[in-house]
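Colleague: I am new to this model and would like to know how its labels are justified. Please set each value against its definition.

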Amino acid sequence: MTDDNMIQIRIHGRGGQGVVTAAELIAIAAFKDGKQAQAFPSFGVERTGAPVESYVRIDERPIITREQIYRPDILIIQDASLLDSVDLAKGADKKTIVIVNTAKAGGLKINLPQANIHAIDAAKIALEIIGKNIVNTVILGAFAKTTDLVSLASLKSAIQEKFSGNQGLIDKNIRAIERAYDI
Amino acid sequence: MNNNYKQQILEGSRAIALTIKNIRPAVISAYPITPQTHIVEDLAKFKADGQADYEYVRAESEFAAASIVAGASATGVRTYSATSSQGLLLMAEVIYNIAGMRLPVVMTCANRAVSAPINIWNDQQDVMAVRDAGWILLFAENHQEAVNQHIMAFELAERLKLPVMVNVDGYVITHTYEPVIIPTAEQIKKYLPDYQPAAGQFLDTQYPITLGALATPAHYLEIRQELHDDLTASLKTIEQEYTNFNKIINLPTPLSKGGAGGLDNGLIEYSGPKKPDTILIALGSVIGTIKEAVSPLIKGAGRIGILKIKCFRPFPASAILSIIKSAKNIAVIDKAISLGHIGPLAADIKAVAQGKTNANISSFIAGLGGRDITGEMIKKIIKLAGKKNNGAVFIGR
């Protein structure tokens with residue numbers, strides 16, 4: 001339902017993990033890189049811990065469709081424990097790139113080519129640098145590195161814009177993104 | 001093209017809030033309700049941060065919020081509110097009074113399903129509950145259209161002394177980030193001057209008047225007819241203001257050419273061939289999904305036209321008829337249902353078509369309570385549009 005050049009990204013996580021913010025940051029960064037972008041959430045029940053999805057589209061031309069993302073080019077999984085209960089890979093194919101936050105890279109219950117699955121221990125980096133187990137921005141460092149869809153500079157600029165007014169938070173998140181990018 | 005405008009990527013709610021700030025109302029009152037909340041939170045924050053000089057009145061309910069803007073508007077100042085769903089239903093009594101007293105209030109409705117069952121997600125059932133109240137009802141497809149319609153809404157309201165509601169799909173517009181241009185306060189002022197009602201048009205001890213007085217059977221009918229006549233006559237003003245807006249606030253927005261039969265006049269937007277086999281008609285953001293779904297089909301699937309209704313009340317009957325009269329099949333997609341009948345927009349389209357076209361008109365109900373309307377559903381609707389459909393056809397998947 002989309003043109004060939006449009007990139008579709010689906011992010012899975014739990015309420016409170018910044019799933020929606022992650023999508024917004026990618027869209028802001030892509031826009032700063034001169035592309036057209038769209039980000040929107042799919043809220044389930046409004047409570048912490050419930051599965052949440054968010055979506056990003058990136059394209060050269062204006063994006064007009066409003067449908068959710070059923071055939072993702074990129075899957076970002078903020079919480080690998082969701083794999084036990086939700087079919088996260090739904091609609092993904094052998095070309096879909098998966099970026100997943102997990103401490104143990106092996107044995108993930110995801111039926112996609114192993115070569116496309118990029119595991120990152122984002123929780124470890126988040127605890128070390130941000131001081132909280134909030135992994136959304138950390139994963140974006142890995143996302144930028146793996147996919148090259150947004151530049152690191154634009155991602156940092158997006159963080160500054162989104163968290164404007166809280167310099168401490170900006171600094172920590174940028175350091176966390178850089179660490180994930182440099183792995 | 002105009003280089004004085006800069007595109008930014010914003011959440012829809014932020015885009016609307018920034019536009020309202022630049023429109024500079026004197027009084028804002030609202031009560032937070034999902035999915036409208038971000039709009040009024042932003043407006044409250046602009047005020048708290050000293051970026052705006054409107055009075056922001058926190059209300060104890062939507063009924064109070066509507067009453068506060070009604071009262072403020074009656075004193076002759078520019079006013080704004082926003083709500084959704086149950087909030088709009090709670091406002092209903094005041095909504096009718098605002099129109100009846102000819103108060104130029106502008107309000108955003110972030111469209112959401114109504115209870116029961118409770119549901120916080122998008123459809124357009126809420127606005128249908130106040131469809132007949134005498135407001136101008138505009139619907140936006142995307143952020144830019146929402147921004148533009150809000151600016152035009154104040155000009156229309158204050159010029160015509162009619163309230164205007166701008167409808168934006170909850171979440172789909174309010175919680176989505178996409179590129180948009182927000183005209184500055186200076187740019188807006190060139191199109192929309194400060195509100196200066198004439199003496200005798202508002203509550204003023206120098207020129208005492210009564211608003212909302214008792215009207216006996218000897219007068220009530222004529223007063224209601226006058227409201228109806230003025231609302232109907234506003235179709236022409238809306239068209240003129242659309243041209244005027246685009247001339248003065250000349251945004252470098254890439255407009256779709258709209259195909260051979262393309263038309264865009266502030267009331268409706270049509271894209272497609274001059275003689276389509278099937279026309280799809282809808283309100284609001286789903287038009288984007290329809291355009292995306294139809295574009296790859298154009299070559300193989302017959303001639304398909306897309307008609308977006310931007311102004312739902314007053315109903316632009318003749319503009320719509322000029323487009324639909326040549327179609328064989330008409331598929332109306334409503335995100336609401338007149339329970340016990342068909343979709344509200346479909347019923348209106350059937351009334352307009354009465355005696356003027358033999359087209360096969362079907363009422364499709366989709367997207368209720370936040371159900372995603374997919375491109376696949378649009379293709380299914382196009383197929384079904386060629387059949388005889390009785391009553392409302394619900395499209396769930």
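Modeller: Helices and strands here are DSSP runs, helices of at least four residues and strands of at least two, numbered from the N terminus. This is a predicted model.

Colleague: Where is Arg102(B) found, in those terms?

Modeller: Arg102(B) is in the loop between α4 (85-100) and β5 of chain B. Its phi is positive, about 60 degrees, although Arg102(B) is not a glycine. Most residues other than glycine have a negative phi.

Colleague: What makes Lys161(B) count as buried?

Modeller: Buried means under 20% relative accessible area. Lys161(B) has 16% relative accessibility, so it counts as buried. Lys161(B) lies in the loop between α6 and β7 (164-169) of chain B, and its phi is also positive, near 55 degrees.

Colleague: How do you know that Cys109(B) is in no disulfide?

Modeller: A disulfide needs two cysteine sulfur atoms within 2.5 Å. The nearest cysteine sulfur to that of Cys109(B) belongs to Cys311(B) and is 15 Å away, so Cys109(B) is in no disulfide. For Cys311(B), the nearest is that of Cys109(B), again 15 Å away. The search of the whole structure finds zero disulfides over all chains.

Colleague: Is Cys311(B) buried or exposed, and why?

Modeller: Its relative accessible area is 0%, and the limit for buried is under 20%, so Cys311(B) is buried.

Colleague: What makes β9 and β16 of chain B edge strands?

Modeller: Each pairs on one side only. The open sheet has seven strands in the order β9-β10-β12-β11-β14-β15-β16 (chain B), with mixed pairing.

Colleague: Why are β11 and β12 of chain B called paired?

Modeller: Pairing takes at least two bridges, and five join β11 (residues 278-282) to β12 (residues 304-309), so these strands pair. They run parallel. One of the bridges links Thr278(B) with Ile304(B).

Colleague: How do you know where the largest nonpolar core lies with respect to domain 1 and domain 2 of chain B?

Modeller: Domain 1 (7-248) and domain 2 (263-395) of chain B both give residues to this core, so it lies between them. The core has 105 residues, and Trp135(B) and Ile349(B) are among those that touch the most other members. Helix α6 (residues 143-160) of chain B gives the most, with nine residues.

Colleague: Which residues is Ile349(B) in contact with, leaving aside neighbours within four places in sequence?

Modeller: They include Ile281(B), Phe315(B), Ile324(B) and Ile361(B). Contact means heavy atoms within 4.5 Å.

Notes. Residues numbered from 1 in each chain as written. Chains lettered and ligands numbered in written order. Predicted model: local features only at pLDDT ≥ 70, side-chain atom pairs only at ≥ 80, totals over all residues. Heavy atoms only, no water. Buried < 20%, exposed > 50% of the residue type's maximum accessible area, 1.4 Å probe, protein only. Core = buried A, V, L, I, M, F, W, Y, C linked by side-chain atoms within 4.5 Å. Domains from an automatic or database assignment.
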